[in-house]
Amino acid sequence: MNTASMPIWIGKKVCKNRITMAPTVKFTAGRDGMVTDFFVRHYSLRAQNGVGLICVEATAVSPEGRLAPSQIGLWSDAQIEGHRRLVETCHPFDVLIMPQLHYGGLGTHPECGPLTSPTAVTWNVFGKKVQAEELTVAEIHRIQQCFIDAAVRAREAGYDGVQLHGCHRYLINDFSSRVNQRTDMYGGSTENRARFGCEIIEGIRRACGDDFIISMRTSGFDPTVEESIRTAECYVEAGCDYLQVSNGIEDIAQLPFDESLPYNRVASLGVAFHEHFKGRVPVSAVNGIHTPDLARFLLEHELTDTVDLARGLLADPALADAILYGAPYSKCVGCKSCGWGPLHAHRCPALDRRQNEEWIW
Ligand SMILES: Cc1cc2nc3c(=O)[nH]c(=O)nc-3n(C[C@H](O)[C@H](O)[C@H](O)COP(=O)(O)O)c2cc1C
């Protein structure tokens, strides 16, 4: 049996296979943060084409914490209906689906709100040095409640769970030691720095129940792999069901790495976490997994529990079926035209290769 086809427990739910769709923002929402037909179509195409779990892109829990004015949100009850439509269109394909709950912190867009951080560091924002506002304990608690309220709305929309955005220098990640110099209960020790994320996890668990998946997309190298694993241990202890491991604030090029490996530095973080958490919580590796061969290699050698695919699935939703059944697909060429930022033009050359507008992303 192809290992990629094997079901896996994630929290109290079964995912039908080992292929997950990583969150990828589209920057196509209006300022109201509503889910539009575009999002329903985009995600249902990936659901139809084999993925076991969809992580819907970074979804703002509060408008002043957005990473772009065109980000979708779950900060108000009015946004639930659009998400419900998205979930109801994907669920018939037997896919688990959850939004990635997000608050900007040091990645906040200047048009959306002030740059905020556990400590008042100076940060580079679109080429300008900006002094971040240090969060008070009352503000920390307010933002934690925004995450919990958004998770309750996600549950109401029918999602199977939520993923918390805890990497890529956004607020949960900003509580790691590179930025966080606090001396109160949210700084100092690993447990204190992890407290912000842990209290969100505990609050969501209380509000949404045991069968609601709580996943953390965590940073694997802030400032070391060992410290990031200790932080993730706190999340698991608090009730996190699933770890997806990406990079964070520290420069990933500094990570010692054996260049002869078939996967890259960021994916190696997922492999290290999988080794540590094996048999306790499932772990997903991400980054540079753009071919069926590499996805199968990681799964067959039990280097990760699931493979998380981002650009490969933007280039072609059929990548999942290619991993599962050897279906033809159009490979991501890594040109970055899909971009990481709101200023990029979203034109994937794979669209032209496919010559089939059905595959619009
Ligand atoms: C267009 C685009 C949007 C992204 N949006 C998000 C996001 O919303 N949340 C997140 O955690 N990562 C985001 N990422 C990072 C991806 O999830 C993934 O970690 C990264 O692209 C590396 O994986 P890949 O090589 O499979 O593309 C985005 C990446 C791209 C290219």
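Reader: Let's start with helix α6 (residues 225-238). How many residues does it have, and what span does it reach from its first C-alpha to its last?

Author: The idea is to compare the span of a helix with the value expected at 1.5 Å a residue. This is a predicted model, and in it α6 has 14 residues and reaches 20 Å, close to the 20 Å expected.

Reader: Which residues of α6 are buried?

Author: Burial is read by counting neighbouring C-beta atoms within 10 Å, and 20 or more make a residue buried. In α6 that applies to Ser228, Ile229, Thr231, Ala232, Tyr235 and Ala238. These buried residues pack against α5 (190-208), β11 (213-219), β12 (242-246) and α7 (265-277).

Reader: Could we take one of them? Why does Ser228 count as buried?

Author: Happily! Ser228, which lies in helix α6, counts as buried because it has 27 C-beta neighbours inside 10 Å. Leaving aside neighbours within four places in sequence, Ser228 is in contact with Thr218, Ser219, Gly220, Phe221 and Asp222. Ser228 and Ala194 are 34 residues apart in sequence, with 9.8 Å between their C-alpha atoms.

Reader: And what is the phi of Gly239, which follows α6?

Author: Gly239 has a positive phi, near 125°.

Reader: For contrast, is Asp94 buried or exposed?

Author: The count is used again here, with 12 or fewer neighbours marking a residue as exposed. Asp94 has 12 C-beta neighbours inside 10 Å, so it counts as exposed. Its place is in the loop between α2 (80-90) and β5 (96-102). From Asp94 to Tyr263 there are 169 residues in sequence and 29 Å in space, C-alpha to C-alpha.

Reader: That loop leads to β5. How many residues of β5 are buried?

Author: A good one to look at: 7 of the 7 residues of β5 are buried, so this strand is largely enclosed by the rest of the structure. As general background, side chains in a regular strand alternate between the two faces of the sheet. Strand β5 pairs with β4 in the parallel sense over 7 bridges, and Leu53 stands opposite Leu96 in β5.

Reader: In what sense do β7 and β8 run, and how many bridges join them?

Author: For a pair of strands, look at the direction and then at the bridges. Strands β7 (residues 122-125) and β8 (residues 128-131) run antiparallel and are joined by 4 bridges. Trp123 stands opposite Val130 in β8. The hairpin has 2 residues between the strands, and Phe126 takes a positive phi near 45°.

Reader: Now the ligand. How many residues surround it, and which are the closest?

Author: Begin with the shell, then ask which elements supply it. Here 22 residues surround the ligand, and Ala22, Pro23, Ala58, Ala310 and Arg311 are the closest. The elements giving two or more residues to this shell are β4 (53-60) and α9 (311-315). By character, the shell divides into 10 nonpolar, 9 polar and 3 charged residues.

Reader: Finally, how do I read the chain as a whole? What radius of gyration does it have?

Author: Compare the radius with the value for a compact globule. With 361 residues, such a globule would be near 21 Å, and the chain has 19 Å, which agrees. The C-alpha atoms fill a box of roughly 55 × 45 × 45 Å along the principal axes. The chain has 11 helices and 14 strands, and 53% of its 361 residues count as buried. Among contacts between residues at least 6 apart in sequence, 70% join residues at least 24 apart.

Key
Residues are numbered from 1 along each chain as its sequence is written. This is a predicted model: local features need pLDDT of at least 70, side-chain atom pairs count only at pLDDT 80 or more; totals for chains, interfaces and linings use all residues. A residue is near a molecule or strand if its C-beta atom, placed from the backbone, lies within 6 Å of it. Ala, Val, Leu, Ile, Met, Phe, Trp, Tyr, Cys and Pro count as nonpolar, Asp, Glu, Lys and Arg as charged, and the others, Gly among them, as polar. The expected span of a helix is 1.5 Å times one less than its number of residues. Two residues are in contact if their C-beta atoms, placed from the backbone, lie within 7 Å. Two strands pair if DSSP finds at least two bridges between them. The radius of gyration is taken over C-alpha atoms; the globule rule is 2.2 Å times the number of residues to the power 0.38.
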